[in-house]
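Here is a short report for a reader new to this structure. It takes the nonpolar cores, then the cavities, then some details of the backbone.

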Amino acid sequence: MPKQGVSSRFRWLTAFPLVLAIAIAGVTLSDQGRVGAGAREAVFDFYQRIQPRSERADGLKTVFVDIDRKTLEEIGPWPWPRTRLAELVAAANENGAALVVLDTPLSGADPLSPEQIAEIWEIQGNDALATALADAPNHDNVLAAALTAATSVTSLNARVRLRDLNASASERVDLRASEGVVLAEQGQADFLALPRARVATPPALALTEASAAVTVPDLPADADGVVRRAPMHWAVNGVARPALALSAARLAAEADNVAVDVDDTARWGVGPAQKKLFVGDIVIPVYPDGSVRLHLPKRLSATTVPARNVLDGSAEDALAGALVLVGSSVETVTEPVVTASGERPRAVVQAALIDQLLSGAGLIRPVWAAPAEAAAVLLLAILAIFAAQRLSFGFGVAAAFGGALLAFGGSWTLFTSAGLLLDPLPAAAAAFIGAFSVSIGVLFKEILSHDAVRGAVDDSLPPDVIIKLAEADDDAPLKGVRRDVTVLSCEIRCDYENDDTFRDNPKALPKLMRDVGKKIRQKILESGGAVEDIESGRLMGYWNAPMENEQHQQAACATALSLIESLDDLNADLEEAAEISGAPYAPVHLAIGLSAGECTAGAMGAGAHKRYSAVGEPVDVAAMLRSRSKLYGPAVIVDESVYRESHHRFAFLELDLLQYADSERPAHIYALLGNPFIKASPRYRAVDEAQRNILAAYRSGDWAAARDMLERAKELKGANPALYALYANRLDTIEQNGGAPGWTGAESVFL
């Protein structure tokens with residue numbers, strides 16, 4: 001059967017998406033939790049935008065002292081002499097700042113310092129002026145003194161390249177040569193692998209020797225330009241230097257150092273992987289390279305105070321007891337930072353990062369993230385494939401979206417509850433691709449299966465039967481079955497033989513036959529029967545094959561009556577169409593025979609002649625009854641088997657007793673007259689009783705009584721003139737020739 005070939009062609013429907021899911025899982029597992037630019041980062045960025053980290057309710061307030069444009073206009077353009085920075089630090093300290101963080105990177109000596117200018121004047125030959133400048137206060141010493149007087153943090157002018165953040169570019173740093181960083185446990189190696197920060201020209205010696213933490217302020221961006229992570233320690237000329245935010249958080253927490261917890265069983269670059277940082281009582285989760293994932297508030301709400309207000313003494317109340325971070329919102333001073341929450345001044349991002357470290361909040365992609373994501377890929381893909389194979393196309397696609405939503409829902413829950421970053425995209429993609437591809441495949445399989453069934457039977461079956469056959473595992477109904485079948489033989493008749501209407505327009509008659517045949521075919525299919533075109537103007541209908549129907553006799557009777565009842569409307573439509581087109585018109589009549597019995601039914605024929613058909617005596621009997629309908633008058637003639645199963649629901653009138661050549665006993669045939677309402681009418685009852693009496697007298701040999709009853713029956717309403725004329729002719733023949741020996745009233749016929 002063609003459907004089996006279709007099924008075998010689509011065995012890959014499960015294998016293909018499952019192999020694809022395994023491939024996705026493999027790619028996910030090989031990722032090893034590496035964070036970079038891409039679709040996953042877009043998901044994590046989106047999470048942060050719609051569910052920002054809660055701000056701290058305790059601890060130091062943060063104040064951003066902004067060297068803004070108006071300050072530069074009033075005080076002077078950048079770069080400022082470091083004495084001006086010293087004034088800012090001193091003013092903040094005098095106004096009660098708990099901590100001053102200087103986010104204006106320092107490199108080399110101050111070029112505006114007097115001794116630097118003196119060198120230039122000395123070259124020009126003005127020794128007196130050069131000597132005077134050399135005796136003036138050194139700007140770097142002034143700034144160093146201000147930083148020493150305050151609890152402060154300064155910044156190196158460091159530059160970081162993206163490739164310096166890779167494990168292969170990490171630098172092994174001996175912690176014994178560094179200050180402020182120790183290992184959390186004894187017995188661990190005294191070194192770490194840290195990303196490199198390159199400092200072309202270190203700041204003046206006075207600044208590095210000041211009692212201020214010298215830090216790296218750089219916030220390196222990912223390949224797409226978005227800053228998502230901040231390394232907490234850097235390798236600067238073989239020495240571990242803390243990030244600006246970490247150093248500020250340590251001083252704010254009044255911790256002596258930062259303890260690093262490492263995992264000796266895992267590696268990052270040339271050293272052990274880092275797990276956590278301990279700043280006093282604060283535990284900060286970090287990535288293996290020692291970086292922290294930024295989890296910024298939706299709104300970076302540090303209080304902003306213009307630097308000019310600090311310098312003129314009008315910001316005293318704002319700075320008291322605060323963590324003061326000196327920076328600039330002007331791009332020519334410090335470049336802004338692009339974060340997942342948008343573009344912000346770097347100092348503001350540093351302030352938010354300090355707050356994040358002090359709260360211990362952080363986002364972590366654990367080492368088991370990739371295996372968990374790979375397992376989710378396989379699990380959701382298998383569930384989606386399983387669901388799609390057993391559901392309709394619409395529900396299969398819904399299952400795909402459900403699997404994707406499940407992946408995103410689980411990832412979102414872990415993000416909001418535990419700060420874990422798990423990528424839902426691989427699992428969502430596997431669920432969607434698995435379910436959708438299987439659903440599409442199943443849909444095409446169904447379409448091809450339906451087409452295969454249609455091709456096998458040349459559209460001889462109702463659409464719902466085709467669907468059932470296409471979906472069924474059993475192909476016997478099409479290959480062939482042996483069972484009781486009700487057969488309808490129908491012939492389209494019109495008075496074209498004795499009419500000139502079609503002689504001048506020969507195309508009209510074939511069109512008429514096609515149009516009427518199409519309507520008959522539609523009626524049979526709508527009733528659940530199979531239909532077969534025998535020849536021009538003749539069709540066969542079959543019930544109880546290929547699909548079983550316990551009420552197949554009644555279904556055939558109802559269809560036959562429906563065909564007869566539709567003739568008036570059909571003829572009216574044909575007449576109207578003929579008038580519009582100018583084509584000839586002749587009324588259409590139907591002759592129908594019904595018989596039921598055991599037949600062999602199945603898809604027969606080959607190529608363009610494929611059709612669903614039945615073979616057996618009922619087929620011949622139905623054709624014979626159809627041919628005799630003109631003889632008896634009624635349009636629908638049925639045999640005993642149909643009458644026996646349907647007489648309680650329909651009105652029948654016995655017509656004759658036929659003796660088939662190869663049958664031992666004669667068979668009664670009946671006219672199908674109507675539905676139960678006709679059967680209950682007085683007119684039908686009168687005609688039926690009269691016909692019974694006529695046939696009883698006729699078959700018993702009382703021909704005189706039969707003729708007398710026949711004459712009286714002609715006067716009844718609903719009497720059939722053709723039927724009574726037939727029996728009148730038979731009585732005339734008997735009177736002329738006499739009755740044959742063994743008379744039973746049966747007519748001999750050949751099938």
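## Nonpolar cores

The largest nonpolar core has 57 residues, and Met232 and Leu357 have the most contacts inside it. Helix H13, residues 346-359, gives the most to this core: 9 residues. This model is predicted. In soluble globular proteins, nonpolar side chains tend to be buried together.

What does Leu357 touch, once residues up to four places away in sequence are not counted? The list is Met232, Ala245, Leu246, Ala249, Ile282, Ile284 and Val292. Met232 thus appears among the contacts of Leu357, and both residues lead the count of contacts inside the core. A second, separate core has 38 residues. Among them are Ile492, Cys494, Ile524 and Leu539.

## Cavities

How many cavities of 30 Å³ or more does the structure hold? There are 3. The largest has a volume of about 80 Å³. Its lining is made up of Leu165, Pro195, Pro220, Ala221, Asp222, Arg229, Pro231, Trp268 and Asp289. By class, 6 of these residues are nonpolar and 3 are charged, with no polar residue in the lining.

The second largest cavity holds about 40 Å³ of space. Asp45, Gln48, Val227, Arg228, Arg293, Leu294, Leu296, Thr339, Ala340 and Ser341 line it. Here the classes are 4 nonpolar, 3 polar and 3 charged residues.

## Cis peptide bonds

Most residues other than glycine have a negative phi, and most peptide bonds are trans. Two bonds to proline are worth finding in the model. Trp78 and Pro79 are joined by a cis peptide bond, with omega about 5 degrees. Pro79 sits in the loop between helix H4 (69-75) and helix H5 (82-94).

Ala545 and Pro546 are also joined by a cis peptide bond, and omega is about 5 degrees there. Which elements flank the loop that holds Pro546? They are strand S21 (538-543) and helix H20 (552-565).

## Positive phi angles

The loop between S21 and H20 also holds Asn544. Phi of Asn544 is near 80 degrees, a positive value in a residue other than glycine. Is Asn544 buried or exposed? Asn544 counts as buried, because its relative accessibility is 10% and the cut-off for buried is under 20%.

Asn237 is not a glycine either, yet its phi is positive, at about 55 degrees. Asn237 lies in the loop between strand S9 (233-236) and strand S10 (239-242). Why does Asn237 count as exposed? Its relative accessibility is 63%, and exposed means over 50%.

## A buried asparagine in a helix

Now turn to Asn571. This residue is found in helix H21, which covers residues 567-581. Asn571 counts as buried because its relative accessibility is 12%.

Which residues does Asn571 contact, leaving aside its neighbours within four places in sequence? They are Tyr585, Pro587 and Val588.

Methods: Residues are numbered from 1 along each chain as its sequence is written. This is a predicted model: local features need pLDDT of at least 70, side-chain atom pairs count only at pLDDT 80 or more; totals for chains, interfaces and linings use all residues. Side-chain values use heavy atoms; hydrogens and water are left out. Helices (H or I, at least four residues) and strands (E, at least two) are DSSP runs, numbered from the N terminus. Buried means under 20% relative accessible area, exposed over 50%, partly exposed in between (1.4 Å probe, protein chains only). Contact means heavy atoms within 4.5 Å. On a 1 Å grid over the protein atoms alone, a cavity is a set of points where a 1.4 Å probe fits but cannot get out, and a pocket is an open set with protein on both sides within 12 Å along at least five of seven lines; lining residues have an atom within 4 Å of a point. Grid points are joined across faces, edges and corners, and a volume is the space filled by probe spheres set on the points. Ala, Val, Leu, Ile, Met, Phe, Trp, Tyr, Cys and Pro count as nonpolar, Asp, Glu, Lys and Arg as charged, and the others, Gly among them, as polar. A nonpolar core is a set of buried Ala, Val, Leu, Ile, Met, Phe, Trp, Tyr and Cys residues joined through side-chain atoms within 4.5 Å.
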